[in-house]
Amino acid sequence: MSFILTRLRQFSYLSMVLMVICFGSASVFAEEPLGTPELFDIEAFDDGINLELVNLGKTLFFDNQLSKNRSISCASCHSPSLGFGDGKKTSTGFANQQLPRHSPSIYNMAWNVTFMWDGRVSSLKEQASLPFLSENEMGMSAELLVSRVSENRDYQDQFRRVFATEEITEEQIYEAIAAFEMTLISNNSAFDKYLKGEKNAMSPAAIRGLELFKGKAKCIQCHDGTNLTDNSFHNIGVGNDTDLGRGVVVDDESLNFSFKTPGLRNVALSPPYMHDGSIASLKEVIELYNEAVANNGVLDELIKPLNLADGEINDLVEFLNSLTDPVNLETSIVTIRE
Ligand code: HEC
Ligand code: HEC
């Protein structure tokens, strides 16, 4: 079974490589079809899921002791009750420091390939170190982090069971958290049920919205594939002139004010929106696309005024709502096991 799954994945990598060779550039890619994200596409799950590792990661993720003044955890900015965002325009650190960017939802990170709004990080494990070690977020040092974890008897037992070593390391902490994050999976929304043939799972308005998403509104040009993201960067006209986004990371002015296309699963659960949290509702997001106004730099060539009627804007919102399928942390890991 796992052999077949691995082959499937290799096939899709291979076809991507071939496409790059044939067309030279990612920008002429045909859109990936929308669909349901499948667990067999997650390489890390090939050998099964280490439930003890996941549970350890979950405990670490919710542990306030792991910030400098023991006041916040990962979950303070990625809260299950707020769609794994924090509901704020931009986040605040352990001592209430104002951070420059909005906390993104972290659903379906198992399929994600580029992390942060500017894509400066390439793995979940690597990502996990950043908030701990940032002086404005959790304010830890690697030594302090390891010693906080090590001073706890329960952690000592859990780490010993999971890693079979006496000494707790920074790497192990990040590995456990990444393993937990990979189980935050949303793939059974009304939209997924509709795709499986339950034609009543989506309302008529949501179905019209889906057609607009793929057609007249052309959202799928960037929000494509099973998680509704092209994993690429675009300037859609959001933001102030202090955050240059992707342009700084790759030292390319033409990408100034470009940010990562966020996946849209569970998007209705985590307002406000965009890298700066500047847009309060999904309706206003679509109104922005409808107008196509450049606030900064050069707007992506794919952004054009859409001439959507009010009814069409509402239909698109209904479609986005149909992507809602929150994780129940009590049962999710058990579900993944099946
Ligand atoms: C103080 C608030 C805050 C805390 C605490 C925090 N985060 Fe975040 N998180 C953010 C913000 C803001 C971003 C976006 C940063 C950027 O783009 O520069 C982010 C980005 C992420 C991303 C990338 C998501 C994506 O779509 O690329 C992941 C994954 C993540 N955080 C996980 C964690 C984990 C794990 C912890 C705990 C170790 C944590 N966060 C702690 C605010 C926070
Ligand atoms: C040119 C590529 C592109 C197109 C076309 C596009 N988007 Fe986006 N979308 C993005 C990018 C990039 C962002 C993040 C921008 C930022 O934060 O500055 C985004 C953000 C969003 C968000 C906010 C999500 C969040 O978690 O903050 C929603 C909702 C959204 N888009 C829906 C749509 C819809 C609906 C359409 C069609 C009307 C559409 N997008 C068309 C690239 C695109």
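A residue counts as buried here if 20 or more other C-beta atoms lie within 10 Å of its own C-beta atom. With that in hand, we can walk through this predicted model, starting from one helix and moving outward.

**Helix H7**

By that cut-off, helix H7 is mostly covered, with 9 of its 12 residues buried. The buried ones are Ile 173, Tyr 174, Glu 175, Ala 176, Ile 177, Ala 178, Ala 179, Phe 180 and Glu 181. H7 runs over residues 170-181, and at 1.5 Å a residue its 12 residues should span 16 Å; the end C-alpha atoms are 17 Å apart, so the two values agree.

What do the buried residues of H7 pack against? Their partners are helix H2 (51-61), helix H4 (124-133) and helix H5 (142-150). Ala 176 gives a close-up of such packing: leaving aside residues up to four places away in sequence, Ala 176 touches Leu 53, Leu 56, Gly 57 and Leu 60.

**The nonpolar cores**

Several of these names return in the largest nonpolar core, which has 38 residues. The members that touch the most others are Leu 60, Ile 173, Ala 176, Ile 177, Ala 178, Ala 179 and Leu 184. Two or more residues each come from H2, helix H3 (74-77), H4, H5, helix H6 (153-163) and H7. Which element provides the largest share of this core? That is H7, with 7 residues.

Another core lies apart from this one. It holds 23 residues, among them Leu 282, Ile 286, Ile 313 and Leu 323.

**The two ligands**

Now for the surroundings of the ligands. Around ligand 1, the residues that come nearest are Cys 74, Cys 77, Met 116, Trp 117 and Pro 131. H3, H4 and H7 each give two or more residues to this shell, and H4 gives the most, with 5 residues.

Around ligand 2, the nearest residues are Cys 219, Cys 222, Tyr 273, Met 274 and His 275. The elements giving two or more residues to this shell are helix H11 (282-291) and helix H12 (310-321), and H11 gives the most, with 4 residues.

Here are the two shells by residue class.

| Shell | Total | Nonpolar | Polar | Charged |
|---|---|---|---|---|
| Ligand 1 | 26 residues | 16 residues | 6 residues | 4 residues |
| Ligand 2 | 28 residues | 19 residues | 7 residues | 2 residues |

H7 is a handy place to begin exploring: this helix gives the largest share of the 38-residue core and is also among the elements that give two or more residues to the shell around ligand 1.

Terms used:
Residues are numbered from 1 along each chain as its sequence is written. Chains are lettered from A and ligands numbered from 1 in the order in which they are written. This is a predicted model: local features need pLDDT of at least 70, side-chain atom pairs count only at pLDDT 80 or more; totals for chains, interfaces and linings use all residues. The expected span of a helix is 1.5 Å times one less than its number of residues. Two residues are in contact if their C-beta atoms, placed from the backbone, lie within 7 Å. A nonpolar core is a set of buried Ala, Val, Leu, Ile, Met, Phe, Trp, Tyr and Cys residues joined through C-beta atoms within 7 Å. A residue is near a molecule or strand if its C-beta atom, placed from the backbone, lies within 6 Å of it. Ala, Val, Leu, Ile, Met, Phe, Trp, Tyr, Cys and Pro count as nonpolar, Asp, Glu, Lys and Arg as charged, and the others, Gly among them, as polar.
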